[in-house]
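Colleague: Could you walk me through this one? I'd like to go piece by piece.

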Amino acid sequence: MSDVKKGLAGVVADVTAVSKVDPETNTLLYRGYPVQELAATQPFESVAYLLWHGELPAAGQLDEQRAAERAQRALDPDVRTLLDMLPLDAHPMDDVRTAVSLLGARELAGTGSVLDASGSVEDNLRRSLTLFAALPAIVAYGQRRRRGLEPVPARDDLDYAANFLWMTFGEESDPVVVDAFNRSMILYAEHSFNASTFTARVVTSTLSDLYSAVVAAIGALKGPLHGGANEAVMRVFDEIGDASQVPAWLDTALAQKRKIMGFGHRVYKRGDSRVPTMKTALDSLVAHYDRPDVLELYSALESEFVARKGIYPNLDYPSGPAYNLIGFDTATFTPLFVAARVTGWTAHILEQAASNALIRPMSQYDGAAERHVDGYVPLADEL
Ligand code: SDX
């Protein structure tokens, strides 16, 4: 019986230069830079450049990328037509997945549509930037459409985070809100071989195309054990109500053997390195919107659950209430994660395509012993 590693837990599947997650030191480096430093000092556009190119951009490089990104922010008319065909109660991650699939089918038409035939590194870097630029309008329209509102045209005089908020809410956001949102997008951008990124690498390893890899990654991220957790955190807060209800709620939830969303992590076992930075952003939003009740509930649940189970919050725990305070619908939270993580996914797609080796693990058989059809007699149909 070989040593089966269920869920690939603890398995080092490949090497990567994109990011380093170190649970021993509780650190996360993007191309060598501590994520806390990037979140505190950089616009998300610069971090996207870093993930794709391996270096922070020089001024001219950032200007060039900004110009190309701002020129592609508008909601694509075909995408809008397609989204308007979807049921309003379709899951917003299905909306985003469908939109990316359309963009890919159109872009790759006539190219042979596999990574080795669908263009060079330059082509796939260009496509990565296109998705980075296009997703905010898709996510923003998704929320507005569900509220019966028309899309808000993109602005090219706002940076990425400010424009994303503008297209979602139709008004300019306070700098405190823009900064908190920018930090969240940087923190969500990349995290080594998480389930959705590894999914993208598996698809890339067959020499499929970049869009198919991103669509597959969106499917993986949708699950509540992964990206869907930030939405689930908000639902937990709504269930509990206020801080005084935490002990009783937790008694019931743990008795039902529920996973408490926003807590725990496959790699970090003594706390997620990103939480302190996102918690600082949450604190700034709580002060800005004067909502101390949010922090009371947040702190009560965290201290009670950590005391009882010794399991710590992950990034989804502070980001859920932060996005709620900003005004995003709960159903929009995981699509926000897509808009951020598309930078990490595409950086890994490019890396996997360059180093290419088909990802195909082994399995351990535990089914029926060998047997043969000549012994098979069809049972009489049920009377
Ligand atoms: C993300 O991988 C990444 O990097 C992901 C991510 C990224 O940036 O890409 O960081 C983003 O996905 C963060 C995680 C978001 N998911 C959640 O918040 C969902 C709730 N968390 C759990 O489902 C769980 O913690 C996982 C799935 C995140 C990790 O689980 P593991 O490492 O597989 O550990 P496990 O499920 O085997 O748990 C070990 C024990 C179990 O108890 P026993 O069965 O041994 O008695 O701890 C318990 C678990 O039941 N446990 C929890 C729990 N997390 C672990 N119990 C209750 N609530 C939890 N949240």
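Modeller: We can take a pair of helices, then a single helix, then a sheet, keeping in mind that this is a predicted model.

Colleague: How do helix 9 and helix 16 cross?

Modeller: The axes of helix 9 (residues 195-205) and helix 16 (residues 333-354) come within 9 Å and cross at roughly 35 degrees, and the crossing is right-handed.

Colleague: Which residues make that contact?

Modeller: Helix 9 contributes S196, T197, A200, R201, T204 and S205, while helix 16 contributes R341, W345, H348, I349, E351, Q352 and A353. Sorted by character, the residues of this contact are 4 nonpolar, 6 polar and 3 charged.

Colleague: New topic: is helix 11 mostly covered or mostly uncovered?

Modeller: Helix 11 is mostly covered, with 9 of its 12 residues buried, and the buried ones include A229, V233, F237 and I240. These buried residues pack against helix 8 (175-188), helix 12 (246-255), helix 14 (292-309), helix 15 (316-326) and helix 16.

Colleague: Why does its length make sense?

Modeller: At 1.5 Å a residue, the 12 residues of helix 11 (residues 229-240) should span 16 Å, and the end C-alpha atoms are 16 Å apart, so the two values agree.

Colleague: And what follows helix 11?

Modeller: Helix 11 is followed by G241, which has a positive phi, near 95 degrees.

Colleague: Last one: in what order do the strands of the sheet come?

Modeller: The 3 strands form an open sheet in the order 1-2-3 with antiparallel pairing, and strand 1 (19-22) and strand 3 (33-34) are the edge strands, each pairing on one side only. Strand 1 is joined to strand 2 (residues 27-30) by 4 bridges, and V21 stands opposite L28 in strand 2.

How values were computed. Residues numbered from 1 in each chain as written. Predicted model: local features only at pLDDT ≥ 70, side-chain atom pairs only at ≥ 80, totals over all residues. Heavy atoms only, no water. Axes fitted to C-alpha atoms, helices over the stretch in contact; angles between N-to-C directions. Helix = DSSP H or I, 4+ residues; strand = E, 2+ residues; numbered from the N terminus. Left-handed = near helix turned anticlockwise from the far one by under 90°. Contact = heavy atoms within 4.5 Å. Nonpolar A, V, L, I, M, F, W, Y, C, P; charged D, E, K, R; others polar. Pairing = 2+ DSSP bridges. Expected span 1.5 Å × (residues − 1). Buried < 20%, exposed > 50% of the residue type's maximum accessible area, 1.4 Å probe, protein only.
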